[in-house]
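Welcome to a short set of exercises with worked solutions. Have your viewer ready and try each task before reading on.

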Amino acid sequence: MNTVIFTASCWAYYFFRVFFCFKYMDILFTRKNNTRAVPYICAVIVASLNTVNVTMIKGIFSRGLLLTVIFINILFSCFCYSGKKLVKADVTFFYHMIVQFIDLFITTVLYLIIGKAIVSKSIERSVFFIAVIFIWILLYKVFKKLLSDYKDNVSTRWIRVFNVISYIAIIYFQRIYLSVMSENMLTNWLIFMIFAAFMICLQAWYMFRQETGKKLALVELQKEMVNKNYHNILNLYKENRNLFHDMKNHLRNIRRYLRDQRIEEGTEYINELLEPVKKTEKFAVTGNELIDAIINYKMTEATEYGLKTDINADMLDKLSVPDSDICVIFANLLDNAIENCAKEGTIGLNLTMKNQFLIFKVRNPIKDPKDRDALTLKKENKLLHGIGLESVKMSVERNQGTFEYTDDGEIFESFVMLPIITDIKKNQIQSKGE
């Protein structure tokens, strides 16, 4: 009976060990389509290999098997997620180093408490397996929120160094499985823990600095858009100011053309007068300064690249969405439309208010694949380039909204629906009222 319990708990232990690796990968990377079953297949394969090793062979730990497991996990991760293969490999390797050290550390602590290592095929080892699974669940709940801001933006500069040193340390510390413990080994444990804490703090600092840099870039882009939008509108105002100032003279000239029945010349004269006014039709006036600045900046950019624009925008109420999220959502979707719009195509933009929701639609014909990178290389402002639609989705969901997009190979259309007042804002308003 003990053998059955041990085998089942051992299999569950290694299954969830790999399964949680994919859970963390889901947080950090974008899953490819039709890969729902991949994590389960990988977890079953790895769990079966490890269970056979532990139950059929006397050795509890095998360096070769550990590398084999990591290699299998990396292969499945590369197949399952988009992004750089080396980054996915680094993260997968890092995960397995951490969970192996959790196993080693708990085994060491138990050794110091009870005087022996729990490595035999016993009920104690089965309890150990189940307890560690619950520890993984707890750690996942803690780190899920902390890591969510770094999706598709993972840096492995320090992780790679940690992985190399960690594997060497695991080879050394695995002697605990053989019930070998010395004062020297305990000292080395302390040194390694200090090193690990230093590397984790270094990585956390680097990620924080990277995130802060991205936010500063968004602020700079916002300032640039507001600035350029202001100058564009100012120039149009100057053009139209002369038009309105000379309106009496213009009307006299039009009356003379009509009186002399010079229709064609009169029509041409009117068209010349309307030219500055037509330019204002390209601009959005919604009442929200930031949204106006983003749309007008990006649509002006689109016309500079020879693209046409079709803007339909309602007057907007004040939104509870943070400016940083508005910047990510609107600027990134419009950038995506500009970079992928067919040559001389028309970017359609629709912005409406309905039932306390802001609805934003962007539509563009898709360019020929061979021209895909041409516009990206021409663009000078690359502050937001590479943020991706996944960041738009995260910003929308953070504000309790909905984001969808369709791509039929000819037309790309994105759809965003944001509440005017989120539930968080409603609670704040209710609290003030009370």
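**Exercise 1. The chain as a whole**

What percentage of the 434 residues of the chain count as buried? Also take stock of the helices, strands, surface and contacts.

*Solution.* Keep in mind that this is a predicted model.

Step 1. Burial: 44% of the 434 residues count as buried.

Step 2. Secondary structure: the chain has 14 helices and five strands.

Step 3. Surface: about 24600 Å² is exposed, and carbon and sulfur atoms supply 60% of that area.

Step 4. Contacts: take those in the chain with a separation of 6 or more; residues 24 or more positions apart account for 76% of them.

**Exercise 2. Strands and a hairpin**

Which strands does S3 pair with, and in which sense, parallel or antiparallel? Then look at the turn of the hairpin.

*Solution.* Step 1. Strand S2 (residues 346-354) and strand S3 (residues 357-365) run antiparallel and are joined by seven bridges. One place to check this is Lys354, whose bridge partner in S3 is Phe357.

Step 2. S3 also pairs with strand S5 (residues 411-419), again in the antiparallel sense, over nine bridges. Here Lys361 has Phe415 in S5 as its bridge partner.

Step 3. The hairpin of S2 and S3 has two residues between the strands. Asn355 lies in this loop, and it has a positive phi of about 50° although it is not a glycine. With a relative accessible area of 64%, Asn355 is exposed, because the cut-off for that class is over 50%.

**Exercise 3. Two other positive phi values**

Where does Gln400 lie, and which residue follows H4? Give phi for both.

*Solution.* Step 1. Gln400 lies in the loop between helix H13 (388-398) and strand S4 (402-407). Its phi is near 65°, a positive value in a residue other than glycine. At 33% relative accessibility, Gln400 counts as partly exposed.

Step 2. Helix H4 (residues 85-114) has 30 residues and reaches 44 Å from its first C-alpha to its last. That is close to the 44 Å expected at 1.5 Å a residue.

Step 3. The residue after H4 is Gly115, and its phi is positive, near 85°.

**Exercise 4. Classifying ring pairs**

How many aromatic pairs are there? Classify two of them as stacked, tilted or edge-to-face.

*Solution.* Step 1. A pair of aromatic rings is described by the distance of the centres and the angle of the planes. The count comes to 25 aromatic pairs.

Step 2. For Phe6 and Phe129 the ring centres are 5.8 Å apart and the planes are at 45°, so the pair is tilted. The pair links distant parts of the chain: Phe6 is in helix H1 (residues 2-28) and Phe129 in helix H5 (residues 123-147), 123 residues apart. Both Phe6 and Phe129 are buried.

Step 3. For Tyr405 and Phe412 the centres are 5.5 Å apart and the planes are at 20°; the angle is under 30 degrees, so this pair is stacked. Tyr405 is partly exposed at 46% relative accessible area, whereas Phe412 counts as buried at 10%.

Step 4. To finish, trace a cluster linked by ring pairs: Trp11, Phe15, Phe16, Phe19, Phe20, Tyr24, Tyr40, Tyr95 and Tyr140.

**Exercise 5. Two asparagines and an arginine**

Is Asn163 buried or exposed, and which residues does it touch? Compare with Asn340 and Arg157.

*Solution.* Step 1. Asn163 is found in helix H6 (residues 157-173). Its relative accessible area is 5%; buried means under 20%, so Asn163 is buried.

Step 2. Not counting residues up to four places away in sequence, Asn163 touches Asp90, Phe93, Phe94 and Met97.

Step 3. Arg157 lies in helix H6 too, but Arg157 is exposed, with a relative accessible area of 52%. Arg157 and Val87 are 70 residues apart in sequence, yet their C-alpha atoms are 9.4 Å apart in space.

Step 4. Asn340 is found in helix H11 (residues 323-340). At 18% relative accessibility it counts as buried. A polar atom of the Asn340 side chain lies 2.8 Å from the backbone oxygen of Asn336.

Technical notes:
Residues numbered from 1 in each chain as written. Predicted model: local features only at pLDDT ≥ 70, side-chain atom pairs only at ≥ 80, totals over all residues. Heavy atoms only, no water. Helix = DSSP H or I, 4+ residues; strand = E, 2+ residues; numbered from the N terminus. Buried < 20%, exposed > 50% of the residue type's maximum accessible area, 1.4 Å probe, protein only. Polar contact = N/O pair within 3.5 Å; in protein donor to acceptor, adjacent residues only side chain to side chain. Contact = heavy atoms within 4.5 Å. Areas by Shrake-Rupley, 256 points an atom, 1.4 Å probe, with all protein chains shown as cover. Pairing = 2+ DSSP bridges. Phe/Tyr/Trp six-rings, centres within 6.5 Å; stacked < 30°, edge-to-face > 60°. Expected span 1.5 Å × (residues − 1).
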